[in-house]
Each structure stands twice: as C-alpha cells, then as structure tokens.
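Colleague: Got a minute to walk me through this one? I'd like to get a feel for how it's put together.

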Amino acid sequence: MAKGLGQAMLGGKCPKCREGNMFPVPIVSFRKLTEVNKTCSVCNASFQPEPSFYDGAMYISYAFSVALFITVFVAINILIEKPELWMYLSTIISLNLLLVPVMLRYSKVLYLYGLGKLKYRGY
C-alpha cells in the first residue's frame, strides 16, 4: 500500500515508490550515520544521482542545529529566572549529540526529496 508524502519522508522511504528504505540501518543506530543505500530495494531507483550529491544536505543539517540552539535558548530563558552559561552549553551540546542521527538522516531525506529528480510513481 502506497504511503503519503509525510509518512514516507518520516520513514526514510524511497521518493519514487515510497516503499524501499533509503538507509541501511535504523534511525536509533549510531553506526553508519552517513550511509545511504545506493538503490531502492523495491523499484531500483538510484539514491546517488551524482557523486557527492549529499554534500548540500549539510546546510539543512546546519539549519536543524541552529533551530535547536534557538529553541533551547528560548526555553531556558522562559523556564529559568537567572540561567547560567553552563546550563545553555550543557543542554545544547547534549541535545546536539543525542539528535545527530536524526538531524543527519532527515537532512538527507529532505535534500533527496527536494532536489533529487525522483518523482513519485504510485504503483
């Protein structure tokens, strides 16, 4: 059964068939963080349109990190009356380290869906 666009993106599925996995390991794995499957196991679509294609995804990952920084900064200022510097630093660093797999994965998913030439073909 074909998935909707949002569900396919959240699951890291192929943009063309929305069935095959883009990544060889689950999202909670810290192994092989930067690896993307070469082709879709269902429709055989190429996830590597050109060499170094995913280098541009680092800008999306950077935007995720900036959004996390701003969110933590605002939350700490609202929740704590007189926050100290160590509160900001420890929270931002720990959340960034914890969310690295999520940010790396979804930056690549958004990049492939947005700039890849694969268009959905409902089979």
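**Helices, core and surface**

Modeller: Sure, and bear in mind that this is a predicted model. Let's begin with Ser-65, which counts as partly exposed because its relative accessibility is 22%.

Colleague: Where is the place of Ser-65?

Modeller: Ser-65 sits in helix α2.

Colleague: And which residues does Ser-65 touch, not counting those up to four places away in sequence?

Modeller: Asn-96 and Met-103, if you skip residues up to four places away in sequence. You can also check Ser-65 against Leu-95: they are 30 residues apart along the chain, with their C-alpha atoms separated by 9.6 Å.

Colleague: OK, what about Leu-95 itself, where is its place?

Modeller: Leu-95 is in helix α3. It is partly exposed, with a relative accessible area of 28%. Leaving aside neighbours within four places in sequence, Leu-95 is in contact with Leu-68 and Val-72. From Leu-95 to Phe-69 is 9.2 Å, C-alpha to C-alpha, and those two are 26 residues apart in sequence.

Colleague: Back to α2. Which of its residues are buried?

Modeller: Ala-57, Ser-61, Leu-68, Val-72 and Ile-76 are the buried residues of α2.

Colleague: What do the buried residues of α2 pack against?

Modeller: They pack against α3. Take Ser-61, for instance, which is in helix α2 and is in contact with Met-103, Leu-104 and Ser-107 once neighbours within four places in sequence are left aside.

Colleague: Why does Ser-61 count as buried?

Modeller: Because its relative accessibility is 13%, and buried means under 20%.

Colleague: How does the span of α2 compare with what its 23 residues should give?

Modeller: It agrees: at 1.5 Å a residue, α2 should span 33 Å, and its end C-alpha atoms are 33 Å apart.

Colleague: Switching to the surface. Which residues form the nonpolar patch?

Modeller: Tyr-62, Val-66, Phe-69, Ile-70, Phe-73, Val-74, Ile-78, Leu-79 and Ile-80, with about 900 Å² of accessible area together. Leu-79 is one of these; it lies in helix α2, residues 57–79.

Colleague: Is Leu-79 exposed or buried?

Modeller: Exposed, since its relative accessible area is 71%.

Colleague: Now the inside. How many residues are in the largest nonpolar core, and which have the most contacts inside it?

Modeller: The largest nonpolar core has 20 residues, and those with the most contacts inside it are Cys-14, Met-22, Cys-40, Phe-47, Tyr-54 and Val-109. The elements giving two or more residues to this core are α1 (5–11) and α3 (85–115). The largest share, five residues, comes from α3.

Colleague: Anything besides that core?

Modeller: There's a second, separate core of five residues, including Leu-68, Ile-76, Tyr-88 and Ile-92.

Colleague: What is Cys-14 in contact with, leaving aside its neighbours within four places in sequence?

Modeller: With that restriction, Cys-14 is in contact with Glu-19, Gly-20, Met-22, Cys-40, Cys-43, Ala-45, Phe-47 and Tyr-113.

Colleague: Ala-45 is on that list. Where is its place?

Modeller: In the loop between α1 and α2. At 5% relative accessibility, Ala-45 counts as buried. It touches Cys-14, Lys-16, Lys-38, Thr-39, Cys-40 and Leu-118, not counting residues up to four places away in sequence. From Ala-45 to Ile-78 is 47 Å, C-alpha to C-alpha, and the two are 33 residues apart in sequence.

Colleague: Last topic, the backbone. What is the phi of Arg-18?

Modeller: Positive, about 60°, although Arg-18 is not a glycine. Most residues other than glycine have a negative phi. Arg-18 lies in the loop between α1 and α2.

Colleague: And what about the phi of Ser-52?

Modeller: Phi of Ser-52 is near 60°, a positive value in a residue other than glycine. Ser-52 has its place in the loop between α1 and α2.

Colleague: Are they buried or exposed?

Modeller: Arg-18 is buried, with a relative accessible area of 13%, whereas Ser-52 counts as exposed at 54% relative accessibility.

Conventions. Residues are numbered from 1 along each chain as its sequence is written. This is a predicted model: local features need pLDDT of at least 70, side-chain atom pairs count only at pLDDT 80 or more; totals for chains, interfaces and linings use all residues. Side-chain values use heavy atoms; hydrogens and water are left out. Patches are made of residues with over 30% relative accessible area and no salt bridge: like charges are joined within 9 Å, nonpolar side chains (Val, Leu, Ile, Met, Phe, Trp, Tyr) within 5 Å. Accessible areas come from the Shrake-Rupley method with a 1.4 Å probe; for residues, only the protein chains shown count as cover. A salt bridge is a side-chain nitrogen of Lys or Arg within 4 Å of a carboxyl oxygen of Asp or Glu. Helices (H or I, at least four residues) and strands (E, at least two) are DSSP runs, numbered from the N terminus. Buried means under 20% relative accessible area, exposed over 50%, partly exposed in between (1.4 Å probe, protein chains only). A nonpolar core is a set of buried Ala, Val, Leu, Ile, Met, Phe, Trp, Tyr and Cys residues joined through side-chain atoms within 4.5 Å. Contact means heavy atoms within 4.5 Å. The expected span of a helix is 1.5 Å times one less than its number of residues.
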